[in-house]
Every structure is written in structure tokens, then in C-alpha cells.
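Work through the exercises below with the sequence and the model side by side, and try each task before you read its solution.

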Amino acid sequence: MAMFKKMAAAAAAAAVVFSFSAAADAAQTLRVGSLTVYAPFEYVNSQNGEYEGFDMDLIREIGRRKGFDVQIISMTLDGLVPALVSGNIDAAVSALTITPERAEKVDFTKPYLNAGLTVMTTKENAPKIKSVKDLENKLLCAEIGSSGALVMKRIPGTTVRTFNSAADAFLELNKGGCFAMLNDG
């Protein structure tokens, strides 16, 4: 279990990415990418269709202080870094694990939340999981680009099926399509 906790802690040191580009300096609008499905951090208010949550408040306050109008662009987690690199967005505000590969491409702030990881499985499989060793050689589900996906790829013998969202991965788990999934706690 200690190995699992160590792997989870290393992978889940999530941070918000604020990689301001030169284009953002010259523009009046800051284009901000976010995976807007994780209340209370970033989500769409079903009453008014507005993006709300802690991260939305944070980036809007940064924009206000720097003199930018903030335009939120909802996108997938695995699309944030490529969108920053290509200049399609100027910044990203979303829980995103800092990895050496990502840090070579974009600049991160200091993490302000460590969500950790949680193992999710079916009622039948739950008693079978006591440590990360119990996930070896199993078929696992994950959201593309998530901390869970990064950790699961390092577990010996696993096959990791990735999905566009954690909800899709959970649905697959629920119908017995995989043994377990790791997701932000």
C-alpha cells in the first residue's frame, strides 16, 4: 500500500496551468482552456449556462487584475497542453498533473491542491484490492490524460483503456468492462 500511496502522491500533484503566451500579452482577451466538468472547481451552471467554480473565479480575477477579458474554452483534459503549445489558447485553468514531459512544453504555477487518487471498482472486486499489486495484470479504465491514467500505465502488466471523460470510464467500470479505475480523489 505504501508504494501505491507514493505513486499516487507523485502523480496527483495537480496544478493549474497558467502559460501566458506572447499573443496574450498583445490581446485584450485571454483565451483560457478548461475541462469544465469538475464541480466545485470548473463546471457549467445548468441554470444560466455560465462557467463557474473556484478555478473560473481564480482565472477571472487574474484577468481582471491584468486587464484582460477572459474567454473560457471548454475542452478535453488531453487537449489542454497541445492547445497551449499550438497557440489555440493562451492559458489553461484545470486540474492537470505536472509531469516532466508537460513541464518541458508549458509553464505551471505552484500547485494549490493535491487531490490524490482514489481506486474505484465494483462491489464484487473491492475486497480483492488491498494494494497496487492487486491491480497488476488487470484491465483498467481511465480518463485520457488524467493522473490515474499516468499512474496505471506504470503498474506492471496492466492494460489501460482510456475514455474522453472520467464519467465515461466510470460507466465502463460499472458495466464490468474493466477491473478498476484510478481517479482524482
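**Exercise 1. Find the residues at the centre of the largest nonpolar core, and say which elements supply it.**

Begin with the membership: in this predicted model, the largest nonpolar core has 13 residues, and those that touch the most other members are Ile 129, Leu 135, Leu 140, Met 152, Ile 155, Phe 179 and Ala 180. Next, turn to the elements, where strand E10 (139-143), helix H6 (147-152) and strand E12 (180-184) each give two or more residues to this core. The largest share comes from H6, which gives 3 residues. Then take one member and list its surroundings: apart from its neighbours within four places in sequence, Ile 129 is in contact with Val 119, Thr 121, Asp 134, Leu 135, Phe 179 and Ala 180. Finally, notice that another core of 11 residues lies apart from this one, and that Leu 35, Leu 80, Ile 89 and Ala 92 are among its members. As a general background, nonpolar side chains in soluble globular proteins tend to be buried together.

**Exercise 2. Describe how strand E10 is placed and which strands it pairs with.**

First consider burial: of the 5 residues of E10, 4 are buried, and the strand is therefore largely enclosed by the rest of the structure. Then examine strand E11 (residues 159-163), which pairs with E10 in the parallel sense over 5 bridges, with Leu 140 standing opposite Val 160 of E11. To follow the connection, trace the chain from E10 through H6 to E11, a β-α-β crossover that is right-handed. The last step concerns E12, which runs parallel to E10 and is joined to it by 2 bridges; here Cys 141 has Met 181 as its bridge partner.

**Exercise 3. Test the length of helix H3, and decide how its two faces differ.**

Start with the length: helix H3 (residues 54-66) has 13 residues, which at 1.5 Å a residue should span 18 Å, and its end C-alpha atoms are indeed 18 Å apart, so expectation and model agree. Now pick out the buried residues, which include Asp 55, Met 56, Ile 59 and Gly 63. Seen down the helix axis, the buried residues of H3 fall within an arc of 100°, and therefore they line one face. A general rule helps here: an α-helix has 3.6 residues a turn, so residues three or four places apart point the same way. On the face turned away from the buried side, H3 carries the exposed residues Asp 57, Arg 64 and Arg 65. To complete the picture, the buried residues of H3 pack against strand E2 (29-34), strand E4 (42-44), strand E5 (51-52) and strand E6 (69-74). After the helix comes Gly 67, whose phi is positive, near 85°.

**Exercise 4. Work out the strand order of the sheet that contains E4, and name its edges.**

The order in this open sheet of 3 strands is E3-E4-E5, and the pairing is antiparallel. Strand E3 (37-38) and E5 stand at the edges with a single partner strand each, so one side of each is left without a neighbour in the sheet. Between E4 and E5 the antiparallel pairing extends over 2 bridges, and in E5 the residue Tyr 51 is the bridge partner of Val 44.

**Exercise 5. Is Lys 123 buried or exposed, and where does it lie?**

Lys 123 belongs to the loop between strand E9 (117-121) and E10. Its relative accessible area is 75%, and because exposed means over 50%, Lys 123 counts as exposed. As a last step, compare sequence with space: Lys 123 and Asn 174 are 51 residues apart in sequence, and 9.6 Å apart in space from C-alpha to C-alpha.

Technical notes: Residues numbered from 1 in each chain as written. Predicted model: local features only at pLDDT ≥ 70, side-chain atom pairs only at ≥ 80, totals over all residues. Heavy atoms only, no water. Core = buried A, V, L, I, M, F, W, Y, C linked by side-chain atoms within 4.5 Å. Buried < 20%, exposed > 50% of the residue type's maximum accessible area, 1.4 Å probe, protein only. Contact = heavy atoms within 4.5 Å. Expected span 1.5 Å × (residues − 1). Arc of directions from axis to C-beta. Pairing = 2+ DSSP bridges. Right-handed = clockwise from strand over helix to strand, strands pointing away.
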